[in-house]
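Biologist: Please take a close look at the largest nonpolar core. Which residues touch the most other members, and which elements give two or more residues to this core?

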Amino acid sequence: MSTQNLTYCLLVTGPAYGTQQASSAYQFANALLEEGHSLKTLFFYSEGVSNANAFTSPANDEFNLIKAWQQLAKKSGCEMHICVSAALRRGVTDKEQADILSLIASNIGDGFIMSGLGSLAEAMITTDRTIRF
């Protein structure tokens, strides 16, 4: 029995900590890779943009979801996009936006890309499945 390998886009709307959404998305992403599927895009939207905040510092005995996303992206080759509007509303910014807004520093984690909803739309039409967490 052969199975078809599919390409996925995951839309993560839950914060890195406080709800199960983001960690469930992370576990799902690992499971689909183990099954031979491809993860093309992770798109963080709404409260999900906190998954890109490099200033997040969990306790030593807690799972560091931000670093885990970064390792997953390196392993899978997927792109990690965060919605620029949602990010700026929640205090997450890259160097370019920090300069425009005259902020002291940026706090976006390595590997995350600030982008618009057009990137999500493109990912949705170029993958086999989009799943929202």
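Modeller: Lys and Arg count here as positive and Asp and Glu as negative, while His and the chain ends are left out. On that basis this predicted model carries 9 positive and 12 negative side chains, with the centres of the two sets 2 Å apart. The protein chain exposes about 7,400 Å², of which carbon and sulfur atoms supply 50%. Of its 133 residues, 44% count as buried.

The setting of the core is a chain with 5 helices and 5 strands, arranged from the N terminus as β-α-β-α-β-α-α-β-α-β. Its radius of gyration is 15 Å, close to the 14 Å that the globule rule gives for 133 residues, so the chain is as compact as a globular protein of that length. Among contacts with a separation of 6 or more, 78% join residues 24 or more positions apart.

As for the core itself, nonpolar side chains in soluble globular proteins tend to be buried together. The largest nonpolar core holds 37 residues, and those touching the most other members are Leu-39, Leu-42, Phe-44, Trp-69, Met-80, Ile-82 and Phe-112. Two or more residues each come from β1 (7-12), α1 (21-34), β2 (38-44), α2 (65-76), β3 (79-83), α3 (84-89), β4 (112-115) and α5 (117-126). The largest share, 6 residues, is that of α2.

Phe-44 illustrates the packing in detail. Leaving aside residues up to four places away in sequence, Phe-44 touches Val-12, Val-49, Asn-51, Trp-69, Met-80, His-81, Ile-82, Cys-83 and Phe-112.

Conventions:
Residues are numbered from 1 along each chain as its sequence is written. This is a predicted model: local features need pLDDT of at least 70, side-chain atom pairs count only at pLDDT 80 or more; totals for chains, interfaces and linings use all residues. Side-chain values use heavy atoms; hydrogens and water are left out. A nonpolar core is a set of buried Ala, Val, Leu, Ile, Met, Phe, Trp, Tyr and Cys residues joined through side-chain atoms within 4.5 Å. Buried means under 20% relative accessible area, exposed over 50%, partly exposed in between (1.4 Å probe, protein chains only). Helices (H or I, at least four residues) and strands (E, at least two) are DSSP runs, numbered from the N terminus. Contact means heavy atoms within 4.5 Å. The radius of gyration is taken over C-alpha atoms; the globule rule is 2.2 Å times the number of residues to the power 0.38. Accessible areas come from the Shrake-Rupley method with a 1.4 Å probe; for residues, only the protein chains shown count as cover. The place of a charge is taken as NZ of Lys, CZ of Arg, CG of Asp or CD of Glu.
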